[in-house]
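Here's a quick tour of aromatic rings and what sits next to them. Have the viewer open and follow along.

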Amino acid sequence: MKYNTLAPFPKGFLWGASTSAYQVEGAWKEDGKGPSVIDARESYPEGTTDFKVASDHYHRYKEDIALFAEMGFKAYRFSIAWTRIIPDGDGDINPKGIEFYSNLIDELLKYDIEPIVTMYHFDLPNALQEKGGWSNRATIDAFEKYAKILFEHYGDRVKYWLTINEQNMMILHGSALGTLDPNLEDPKKELYQQNHHMLVAQAKAIHLCHELLSEAKIGPAPNIALIYPASSQPEDVLAAFNYNAIRNWLYLDMAVYGRYNTTAWAYMKEKGCTPQIAEGDMEILKCAKPDFIAFNYYTSQTAEASRDDGSDTAARGGDQHLQTGEAGVYRGSSNPHLKKNDFGWEIDPVGFRSTLREIYDRYQLPLIITENGLGAFDQLEEGDVINDDYRIDYLKQHIEQIQLAVTDGVDVFGYSPWSAIDLISTHQGCSKRYGFIYVNRDEFDLKDLRRIRKKSFYWYKELIASNGEKLD
Ligand code: BGP
């Protein structure tokens, strides 16, 4: 639809940006923090750093938040490291961990920045992983206990809660994200059992949040990307339906309606990986009602009919860690109409609008985008200048599409791109930068870690000040 006049961004729109604990904080074993599965990782892709120091946000959060405030952030999405709060995931509370996030939240509120808290962003306590991680039902109880502690300590100040970051990526790319034991005999069966446990844990957290905090809002935070069929050939269209169901709707249908998506269930049955459902699980899943949907969007994806000849798997946009395609289900495909970023990820702003519309049509809940952004090799030029026009361009094109979606009638209440400040990429080191603020370090040379405003910093500041009107 083409409009003569666009609807403005809603008043009070939450402009901000995101980070996650293990990617930004550093201080990996300070002040009583326990090891997470990320800390327990033994190897990293060649030439990339570990997460021990990251951007040293743990020690510099005041300086960082002052910069966020200078940009005019209305919100900041960050995650809490479970292992700072409960070092072994299930035992005693670590007062220093409680104190750190309490101070961080107070610092945000000092500048009227709304904290948006992700409760769990990939960094499961390693002590729980050693006891089976999400394969073990006890992890559901541990998560509920952890959630209760967060609500009790921060619920007076935090209004927006996100349960689990990108659960769908943990299931689809479990081996890349380190949540899956690679030696398992039947990894897929195990993954969908883990998935079920995470869904139950999420439902319990949603329920608890509503019980304890009358003012708070809580929602899931998957990575949702609309899947296009590679052509209008009916078999390609069906393949896209399959992948949409397995990648996207499985997670949201459960979070919102408390039921397994029909196609996804048929897929799990065919693959012999339907989870064991304990008595009472479906009731718990059914009664948890999220207040909104948060989702991360980087790009759309494309699928074609499976050829079922062992050649259906393709790397997502050239990223070997993130393969798509599965025999008999769909074949990973690329989209010839889209440009790619430096890392081979396709760029699709229009697909963003379509994704927003599709989610809203399906679930009719307010939406917030909790990740979207461009990873690039930024160059620090003389005089502390970073001309990241490509990032501005990416963000601008995506923000334009949000406004179109708002005009389409989609209820969007915030935009929190990735990332507020440079941090360590999940599996591509710190040279893959996303931030509005440059952190002066290399993969193995920490230099002075000083903060430098990028060109996009000034651009975003103006954009926020105009509530999304001033795009150029
Ligand atoms: C999302 C994760 C983030 C972040 C982002 C960028 O999947 O939620 O933690 O890492 O992707 O991806 P990458 O770091 O691989 O470039």
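How many aromatic pairs does a search of the whole structure find? In this predicted model, the search turns up 37 aromatic pairs.

Take tyrosine 44 and phenylalanine 51 to begin with: their rings make a tilted pair, 6.1 Å centre to centre with 55° between the planes. Tilted is the right label because the planes are neither under 30 degrees nor over 60 degrees apart. As for the surroundings, tyrosine 44 is partly exposed at 24% relative accessibility, while phenylalanine 51 is buried, with a relative accessible area of 5%.

Now for tryptophan 82 and tyrosine 120. Their ring centres are 5.8 Å apart and the planes meet at 80°, so this pair counts as edge-to-face. Tryptophan 82 belongs to helix α3 (residues 82-85) and tyrosine 120 to strand β3 (residues 114-120), so the pair ties together parts that are 38 residues apart in sequence. Are these two buried or exposed? Both tryptophan 82 and tyrosine 120 are buried.

Rings also come in groups here: ring pairs join Phe68, Phe73, Tyr76, Phe78, Phe436, Trp459 and Tyr460 into a cluster.

Finally, a couple of charged ends sitting over rings:

| Charged residue | Ring below the charge | Distance to ring centre |
|---|---|---|
| Arginine 84 | Phenylalanine 100 | 5.8 Å |
| Lysine 432 | Phenylalanine 343 | 4.6 Å |

So on screen, look for the charged end of arginine 84 over the ring of phenylalanine 100, and for that of lysine 432 over the ring of phenylalanine 343.

Definitions and conventions
Residues numbered from 1 in each chain as written. Predicted model: local features only at pLDDT ≥ 70, side-chain atom pairs only at ≥ 80, totals over all residues. Heavy atoms only, no water. Phe/Tyr/Trp six-rings, centres within 6.5 Å; stacked < 30°, edge-to-face > 60°. Buried < 20%, exposed > 50% of the residue type's maximum accessible area, 1.4 Å probe, protein only. Helix = DSSP H or I, 4+ residues; strand = E, 2+ residues; numbered from the N terminus. Lys NZ or Arg CZ within 6 Å of the ring centre and 35° of its normal.
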